[in-house]
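This report introduces a protein model to a reader who has not met it before. Please look at the sequence and the structure before reading on.

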Amino acid sequence: MFRLDALRKISQASGFIHTLANIIASESVFYSADQIKKRDRFDLISFNEVALLLSLLSESPLSITLPDTYEAELQYKACKTALDALHEEISAYSKGDTFEALFTEGTHFIEPIFYSAGAGFWFDYLALAPQLYQLDRPFLTENGYDIEEFSVLLRDMHTIFRNRFRDFIREQRKNIKKFGLVSSPLSCFIYSPADLPQGRLAKYLKFIDRFSIGFGEGPTVTNPLDYHPCKSRPALRLSETQIFAPLLPMLCEQLYESPFYSIAQDKTYFARNANNRGIASELVLSELLASVAHLELIRDAKLYLRGREIGQIDVAAAFGSTAIIFEVKTKRLTQASKNGDTKNLISDIQAGIIDAQQQLSSIKAALLSRSYDNIAANAGNVDKLASASQVVCVSVMMHEVPAYPLLIRTILEDARVANIVPLTIFDIKIATTYLKNAFDFTYYFATRSILDAHLMYGTESALLGFHLTRRLTIPDRFDQVFIDDSFGQNIDADYPNRDKKLALKFNVKIIDEIIDDIIHAGDPSLFRLFSVLRGMSGSSAKDASAFLKRIEGMLRSDGQPHDATMVFDNVALTFIVANDELSARLRFDNLRRKRDAEGLYAQEYMLILSPRTYDRSKIGRREGSHHFVIRATAMKQNRSGEGEILAFSPRHADDGWELSREKD
């Protein structure tokens with residue numbers, strides 16, 4: 001199907017293992033967050049391309065002879081050229097003959113499946129693998145998978161690589177200055193028992209037996225899309241105890257993915273313990289969601305009508321009148337579907353995704369229409385679920401489905417199942433890291449649900465990265481918006497760091513402080529007011545700050561309460577600044593009567609603030625603190641907005657707000 005002769009000749013040339021190490025060092029190792037954010041991943045070698053090169057290397061005996069500088073450069077260029085040629089072949093095969101047929105057959109997913117970005121970070125694979133297989137631990141241990149011990153081992157190996165590569169770079173800088181030469185980085189990617197802490201030999205030998213292949217022991221590669229042992233064992237044995245592992249994240253991924261196949265291959269065990277991973281998956285999801293402040297979790301809820309079960313919810317997260325219901329799926333795409341077999345692809349999607357989404361839609365309809373008699377759950381307060389007037393549906397895949405968003409946006413639309421957010425468990429883990437409170441968590445997923453039909457994107461990280469840096473909204477005049485993967489690189493650069501820098505901040509101190517105070521209060525009744533503030537553009541936040549400073553100055557000048565109103569379409573947000581509760585109440589009552597008589601706005605939100613007290617001796621000649629205490633809030637829906645989660649849609653007509661100040 002695809003021509004591999006050129007790539008095979010290069011990969012099996014004398015000393016190519018050094019060249020591959022150099023490619024990995026140049027294209028897959030980054031020295032700063034800025035490098036990660038600015039990289040073009042399409043120009044860099046991918047995991048599947050590395051797995052293919054390992055597969056070709058495994059066909060023949062090892063040649064570790066170091067090529068000279070000229071030969072190494074030729075091999076590097078020839079390898080990249082051959083990979084580019086293969087990409088062109090796969091792309092041509094995937095696109096098909098006519099534009100009209102684009103993304104209607106399984107073959108059209110070949111390119112995105114082969115070249116899609118990975119689902120998780122290496123440390124998330126290691127953290128979640130022991131949890132996913134916790135109920136299968138005895139069986140897996142018996143079959144050579146010590147998941148927890150292997151996870152610890154891979155963390156040790158990552159530390160070894162990081163220190164070793166750091167020292168290598170330092171040494172090369174010295175060599176360039178002294179001799180104008182650099183060495184092969186191969187030694188950075190070779191591991192042996194001597195590198196590890198004492199007492200790890202047995203576990204290490206067990207690990208390499210499970211996750212590596214010897215040179216000359218691999219089957220011949222005939223199709224780069226077919227399964228090859230090097231895809232699930234991405235390390236090559238140099239000796240009884242030494243391995244060449246060019247990308248540790250690939251090993252981390254396989255520690256998470258591969259045990260499933262051992263379970264599935266034992267038909268008797270699999271049939272007897274079919275629910276183990278489903279139960280474990282619900283526990284993993286619940287644990288991640290539990291880290292979000294103020295979310296109420298309900299697990300394993302069932303809806304009944306006249307004594308008959310009509311729906312089951314794996315996990316639900318409730319916040320005020322909003323419920324987010326999660327359906328957890330442990331389905332994997334079969335190899336046949338990855339190779340473009342249309343029938344198998346649609347079958348896999350049907351079994352793994354469409355059915356789950358149809359269940360979610362049915363449950364959402366039952367909850368909103370109250371077409372059930374009773375709700376029961378294994379854990380959590382079902383009253384929170386029963387009282388929900390808005391429902392967001394999320395389908396969570398526990399295993400990686402390559403090009404998952406693309407599959408959803410193309411094949412699944414034919415099933416006419418809409419407004420369901422498709423995620424992997426790794427997306428949830430990242431989301432709960434950045435959206436740590438119920439306000440931001442609910443806001444994001446409500447926005448995702450509303451906008452999903454209008455968004456095209458490669459990864460969920462791209463959407464979340466866009467939201468964290470730009471705010472996830474799209475103009476009404478655009479029906480489809482493509483979110484570039486480069487936005488996800490902001491998360492790639494930030495997420496692995498202990499101190500996360502990405503945050504939903506306007507960097508407008510007064511507005512950020514008001515939002516933080518609302519979040520800290522944890523009162524679900526404030527969510528719609530919160531959504532008005534969070535839904536502002538950056539320029540609107542600056543305008544709001546300027547208005548607040550102005551009316552605070554007026555208050556300090558005459559001691560009287562003052563107000564300012566910002567209007568977005570038919571939504572009004574009014575700030576009242578007063579020194580005491582009585583004057584604030586009088587101002588509010590006057591405004592309320594005036595607004596009721598006018599009936600101009602569909603929704604009205606009022607925020608009553610007082611300047612914080614402060615010690616003048618500590619602030620020098622500053623005359624105003626510009627820090628406020630929230631005294632009270634008021635909200636009213638006059639004509640529209642009922643049943644909507646957010647105060648206004650993230651589909652906006654104009655990113656600017658019309659500003660006006662109420663007359664005194």
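Which residues have the most contacts inside the largest nonpolar core? In this predicted model, they are Phe 326, Ile 425, Ile 428, Phe 445, Leu 548 and Phe 575, and the core has 164 residues. Helix α9, which spans residues 147-179, gives the most to this core, with 10 residues. Apart from the largest core lies another one, of 20 residues, which includes Leu 303, Ala 316, Ile 325 and Leu 360.

Phe 326 merits a closer look. Beyond its neighbours within four places in sequence, Phe 326 is in contact with a set of residues that includes Leu 285, Leu 289, Ile 313, Val 315, Ala 317 and Leu 360. Asp 314 is also among the residues in contact with Phe 326, as is Ile 428.

The strands β5, β6 and β7 are described next. The table lists their two pairings.

| Strands | Residues | Sense | Bridges |
|---|---|---|---|
| β5 and β6 | 296-305 and 308-319 | antiparallel | nine |
| β6 and β7 | 308-319 and 322-329 | antiparallel | five |

Within the pairing of β5 and β6, Glu 296 has Ala 318 in β6 as its bridge partner. Ala 317 stands opposite Ile 324 in β7.

Both pairings are hairpins with two residues between the strands. In the turn between β5 and β6, Arg 306 has a positive phi of about 50 degrees. In the hairpin of β6 and β7, Gly 320 takes a positive phi near 60 degrees.

In a regular strand, side chains alternate between the two faces of the sheet. Ile 325 is listed in the core of 20 residues, whereas Phe 326 belongs to the core of 164 residues.

How values were computed. Residues are numbered from 1 along each chain as its sequence is written. This is a predicted model: local features need pLDDT of at least 70, side-chain atom pairs count only at pLDDT 80 or more; totals for chains, interfaces and linings use all residues. Side-chain values use heavy atoms; hydrogens and water are left out. Two strands pair if DSSP finds at least two bridges between them. Helices (H or I, at least four residues) and strands (E, at least two) are DSSP runs, numbered from the N terminus. A nonpolar core is a set of buried Ala, Val, Leu, Ile, Met, Phe, Trp, Tyr and Cys residues joined through side-chain atoms within 4.5 Å. Buried means under 20% relative accessible area, exposed over 50%, partly exposed in between (1.4 Å probe, protein chains only). Contact means heavy atoms within 4.5 Å.
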